[in-house]
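Trainee: I am new to this one, so could we go through some of the labels together? I would like to see the reasoning behind each.

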Amino acid sequence: MGSLASERTVVGWAARDAAGHLSPYTYTVRNTGPEDVVVKVLYCGICHTDIHQAKNHLGASKYPMVPGHEVVGEVVEVGPEVSKHRVGDVVGVGVIVGCCRECRPCKANVEQYCNKRIWSYNDVYTDGRPTQGGFASTMVVDQKFVVPIPAGLAPEQAAPLLCAGVTVYSPLKHFGLTAPGLRGGILGLGGVGHMGVKVAKALGHHVTVISSSSRKRAEAMDDLGADAYLVSSDAGAMAAAADSLDYIIDTVPVHHPLEPYLALLRLDGKHVLLGVVGEPLSFVSPMVMLGRKSVTGSFIGSVDETAELLRFCVDKGLTSQIEVVKMGYVNEALERLERNDVRYRFVVDVAGSNIEEQAAAAGAPAN
């Protein structure tokens, strides 16, 4: 066990306003509590939600804000009541760092649906401090929300699994879509979508990637191993594929029509929404009534599901396809992500970026 430390100073890269530009920022994190784990951040994935939050697309951003919720790091200190982790362990921290532990979702171990959940950044912790994410040197996290990274999984590969990976794994498990032989559609081939293809294929599914153009056909089929590729603007191909899918995992994070995709579902098919869309989506009711189809949603995954997914990936030999960058490149990476110019997930090498030295040299502002 590491020794308990007093309040510590941390360096992160923060957005100061809705322009979303990140730059070095010095702040403090809480004392190590009895059940706290102090994590030295090694890597942190970049999610599309980081753009939404940094640029206040959802209207609730608070600044300064240190984004990042796909965090992998090394345990450097633990509180006296920590039993799940030890100094030296490689661990992960995802989207949630707190919950009420008393409501129905919490008692069912699906704490991501707790109405009092605490986000890993852009939120307020129980002690009144703002939460800050993984684009930083250090995080202090309650042990409940820290998952072990299993041997055989490289830390940089594990980072996107903590959000993108579990986001597709959770609904497949919850809705009973894990049996071999199912026919699934993955709508959108980005960070979440590419993991959808990989996980579904590992489950033994026939996988169709659905995209707005043929631009990603080769990478979907040749690189990711999809069985079919469907261009949504090709009316003939869409008509030929009607009533062919058991489910669609919809990862598109912008407004889009649902009716063309609902037509692809078989009887009792499920259209699962995963993308954060700030405008209403619509369809005429017969599209679901006449096939007993469902339009539903799912949000990330629980801590238990995250640990299960990590073991699943090791067992199946699954990895995410990533581009590793230094922290100094993070703003360019965010811009590229916004225009979908990444295959398929950026991961920031935080520990290798010397952000504390850079901040000292630049005289980074403090909170």
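Mentor: Gladly, and keep in mind that this is a predicted model. Start with threonine 251, whose side chain reaches the backbone oxygen of glycine 188 at 3.2 Å.

Trainee: What makes that pair of threonine 251 and glycine 188 a polar contact?

Mentor: The cut-off is 3.5 Å between N or O atoms. The 3.2 Å from the side chain of threonine 251 to the backbone oxygen of glycine 188 is within that limit, so the pair counts. A polar atom of the threonine 251 side chain also lies 2.8 Å from the backbone oxygen of leucine 187.

Trainee: Where in the chain is threonine 251, and what does it touch?

Mentor: Threonine 251 sits in the loop between β13 (245–250) and α8 (259–262). Leaving aside residues up to four places away in sequence, threonine 251 touches Leu187, Gly188, Val192, Gly193, Leu274 and Gly275.

Trainee: Why is threonine 251 called buried?

Mentor: Buried means under 20% relative accessible area. Threonine 251 has 12%, so the label applies.

Trainee: And why is alanine 14 called buried?

Mentor: The relative accessibility of alanine 14 is 0%, which is under 20%, so alanine 14 counts as buried. Alanine 14 belongs to strand β1 (residues 8–15), and its contacts include Tyr25, Pro64 and Val66.

Trainee: What is special about the peptide bond leading into proline 64?

Mentor: The bond from tyrosine 63 to proline 64 is cis, with omega near -5 degrees. Proline 64 lies in the loop between α1 and β4 (70–78).

Trainee: Which label fits alanine 154, and why?

Mentor: Alanine 154 has a relative accessible area of 29%. Values between under 20% (buried) and over 50% (exposed) are called partly exposed, so that is the label for alanine 154. Its place is the loop between β9 (146–148) and α3 (155–158).

Trainee: How is the chain divided into domains?

Mentor: There are two entries in the division: domain 1 (8–163 + 321–362) and domain 2 (165–297). Their C-alpha centres lie 29 Å apart. The contact between them takes 13 residues from domain 1 and 18 residues from domain 2. Domain 1 and domain 2 bury about 1200 Å² between them, 48% of it on carbon and sulfur atoms.

Trainee: How do you know that arginine 343 and glutamate 219 form a salt bridge?

Mentor: The rule asks for a side-chain nitrogen of Lys or Arg within 4 Å of a carboxyl oxygen of Asp or Glu. Arginine 343 and glutamate 219 meet at 2.7 Å, N to O, so they pass. Across the interface of domain 1 and domain 2, the rule finds one salt bridge.

Trainee: What else can you say about arginine 343?

Mentor: The peptide bond from arginine 343 to tyrosine 344 is cis, with omega near -5 degrees. Tyrosine 344 is in the loop between α11 and β17.

Trainee: What is noted about asparagine 340 in that loop?

Mentor: Asparagine 340 has a positive phi of about 65 degrees although it is not a glycine. With a relative accessible area of 30%, asparagine 340 is partly exposed, because 30% is neither under 20% nor over 50%.

Trainee: Which residues of helix α11 are buried?

Mentor: In α11 (residues 330–338), they are Val330, Asn331, Ala333, Leu334, Arg336 and Leu337. These buried residues pack against β1, β2 (22–29), α1 (48–54), β16 (322–325) and β17 (345–349).

Technical notes:
Residues numbered from 1 in each chain as written. Predicted model: local features only at pLDDT ≥ 70, side-chain atom pairs only at ≥ 80, totals over all residues. Heavy atoms only, no water. Domains from an automatic or database assignment. Contact = heavy atoms within 4.5 Å. Buried area = accessible area lost by both parts, 1.4 Å probe. Helix = DSSP H or I, 4+ residues; strand = E, 2+ residues; numbered from the N terminus. Buried < 20%, exposed > 50% of the residue type's maximum accessible area, 1.4 Å probe, protein only. Polar contact = N/O pair within 3.5 Å; in protein donor to acceptor, adjacent residues only side chain to side chain.
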